[in-house]
Amino acid sequence: MADKLIIFDTTLRDGEQSPGASMTRDAKLRIARQLERLRVDVIEAGFAASSNGDFEAIQLIANTIKDSTVCSLSRANDRDISRAAEALKGANRARIHTFIATSALHMEKKLRMTPDQVFEQAKQSVRFARNLVGDIEFSPEDGYRSDVDFLCRVLEAVIAEGATTINVPDTVGYAVPELYGNFIKTLRERIPNSDKAIWSVHCHNDLGMAVANSLAGVKIGGARQIECTINGLGERAGNCSLEEVVMAVKTRKDYFGLEMGIDATHILAASRMVSQTTGFLVQPNKAVVGANAFAHASGIHQDGVLKARDTYEIMRAEDVGWTANKIVLGKLSGRNAFKQRLQELGIQLESESDINVAFSRFKELADRKSEIFDEDILALVSDESITHEKEQYCFVSLSQHSETGERPHASIVFTVDGKEVRGESDGNGPVDASLKSIESHVKSGAEMILYSVNAISGSTESQGEVTVRLQSGGRVVNGIGADPDIVVASAKAYLSALNRLHSKGDSVAAQG
Ligand code: KIV
Ligand code: ZN
């Protein structure tokens with residue numbers, strides 16, 4: 001039987017560290033359910049000690065997910081590790097992932113610790129964690145840029161203390177495939193007890209090589225776990241992309257010879273869910289999940305594919321979840337059909353009253369738009385006002401006027417902590433006027449660093465999905481809004497960003 005390759009997803013932890021990608025508790029649970037459907041082996045659900053919000057999200061995911069192992073990151077100290085163990089108490093299978101930096105640069109400049117202190121702390125932390133949970137992963141942060149002799153000493157010691165997985169991060173995306181693969185191989189060959197642990201790769205994409213490096217870590221180095229994120233989400237240029245690495249191993253089974261538990265038919269839904277939740281759009285030419293990934297525009301290619309698919313296709317679109325856009329529901333669909341579709345999409349609203357709110361929003365949308373696609377439903381339930389998330393600002397109505405040669409004007413009604421307020425403003429265009437009309441009342445002073453509009457299901461009849469990214473006081477947040485009217489979608493996205501700006505408490509950065 002072929003070796004098993006473990007897929008460890010860290011969208012909810014390393015992915016969330018991407019500026020503006022922070023997710024609400026309910027959104028994280030929705031994504032965790034989709035990851036379970038995808039049959040990922042391990043879900044890194046967050047970093048329990050970083051904030052109460054993260055702790056609660058991990059706890060909720062641990063209590064809900066049955067098939068995948070649920071993992072929490074923790075720095076290598078007793079407090080963080082206890083917090084992780086506490087959050088994971090309800091899990092069927094729990095893992096603690098503890099880390100400390102081992103490169104000379106990080107130890108000296110960031111931790112201000114000597115190598116001997118780091119060595120002792122790594123050992124002591126794994127011993128402490130092992131008394132709480134049986135499944136322990138250890139990561140030497142900036143491992144790839146660490147001195148190999150020192151790294152061997154640390155990793156041998158933590159395996160002796162009971163670490164069951166050893167993960168070797170290329171934290172800053174500096175590696176190249178052959179060297180990274182050989183680095184893992186050297187560690188495994190030189191460490192006497194290396195066979196007592198599963199070896200894992202964790203690559204960042206700063207030079208665009210995260211997937212290639214991870215695959216080299218597997219092929220050359222003998223690693224049997226890959227850490228990755230949906231859409232390659234993650235800090236800076238992101239992490240190794242799950243969909244790419246999984247489809248590489250599947251499509252080139254002749255070369256890798258590895259088995260995975262993944263059900264790839266759920267990949268596209270996972271990609272869309274993460275994109276819709278975070279507001280990070282997927283580029284059209286992105287492998288596997290980009291809109292053009294299976295589109296053949298040139299006449300020669302179209303002709304070839306029509307004659308024999310494999311002339312230009314190495315994977316089948318349907319194997320990763322692409323189907324023709326389905327009209328799933330319409331104006332005449334009833335509550336039961338709507339509820340069933342939510343279930344099929346893996347969306348579980350907390351109460352009947354949430355379903356009622358979502359259903360009435362669906363009816364409003366169906367009145368304005370005859371064809372409702374899965375993407376519309378996902379956008380609808382991503383709207384925080386349907387779920388139990390606390391909302392300070394809530395959209396009510398908007399009117400705006402624009403005419404060639406005149407300066408556009410907007411007037412908006414929204415609620416602040418349940419109380420209705422109005423704002424008015426002129427602007428360069430209708431969107432600008434609408435957002436300024438919100439600011440005229442809120443006066444957040446936040447700087448807008450991104451504004452983007454995307455047609456959810458392609459045509460001009462589709463809902464517009466708007467992402468607004470705001471920066472204020474060192475924090476960056478994304479807000480997302482969807483509506484057939486893109487000016488309304490923009491106002492909703494702006495209010496959603498303000499809600500996020502004013503809600504989540506400070507959290508501790510994993511690599512700070
Ligand atoms: O990139 C990294 O080093 C990490 C560790 C915390 C595993 O994400
Ligand atoms: Zn990382």
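**Note on the ligand 1 and zinc sites**

1. A polar side-chain atom of His-202 is placed 3.1 Å from an oxygen atom of ligand 1. Two further side chains offer an N or O atom at 3.0 Å from a ligand 1 oxygen: that of Arg-13 and that of His-204. Ligand 1 on its own exposes 260 Å², of which the protein buries 100% (Shrake-Rupley areas, 1.4 Å probe). Strand E5 (94–101) and strand E6 (135–141) are the elements that contribute two or more residues each to the shell around ligand 1 (strands are DSSP runs of at least two residues, helices of at least four).

2. The model is predicted, with pLDDT of at least 70 required for local features and 80 or more for side-chain atom pairs, while totals for chains, interfaces and linings use all residues. Residues are numbered from 1 along each chain as written, chains are lettered from A and ligands numbered from 1 in written order, and side-chain values rest on heavy atoms, without hydrogens or water.

3. Eleven residues surround ligand 1, and Arg-13, Asp-14, Thr-171, His-202 and His-204 come nearest. By class, the shell holds six polar, three charged and two nonpolar residues.

4. Asp-14 (OD), His-202 (NE2) and His-204 (NE2) coordinate the zinc ion (ligand 2) at 2.0 to 2.1 Å (donors are N, O and S atoms within 2.8 Å of the metal, or 3.2 Å for Na, K and Ca). Their sequence spacing is D-x187-H-x1-H. Distant parts of the chain are thereby linked: Asp-14 belongs to the loop between strand E2 (6–9) and helix H1 (25–37), and His-204, 190 residues apart from Asp-14, to the loop between strand E8 (198–203) and helix H8 (210–219).

5. Both Asp-14 and His-204 are buried (under 20% relative accessible area, with exposed meaning over 50% and partly exposed in between; 1.4 Å probe, protein chains only).

How values were computed: A residue is near a molecule or strand if one of its heavy atoms lies within 4 Å of it. A polar contact is a pair of N or O atoms within 3.5 Å; within protein, one must be able to donate a hydrogen and the other to accept it, and residues adjacent in sequence count only if both atoms are side-chain atoms. Ala, Val, Leu, Ile, Met, Phe, Trp, Tyr, Cys and Pro count as nonpolar, Asp, Glu, Lys and Arg as charged, and the others, Gly among them, as polar.
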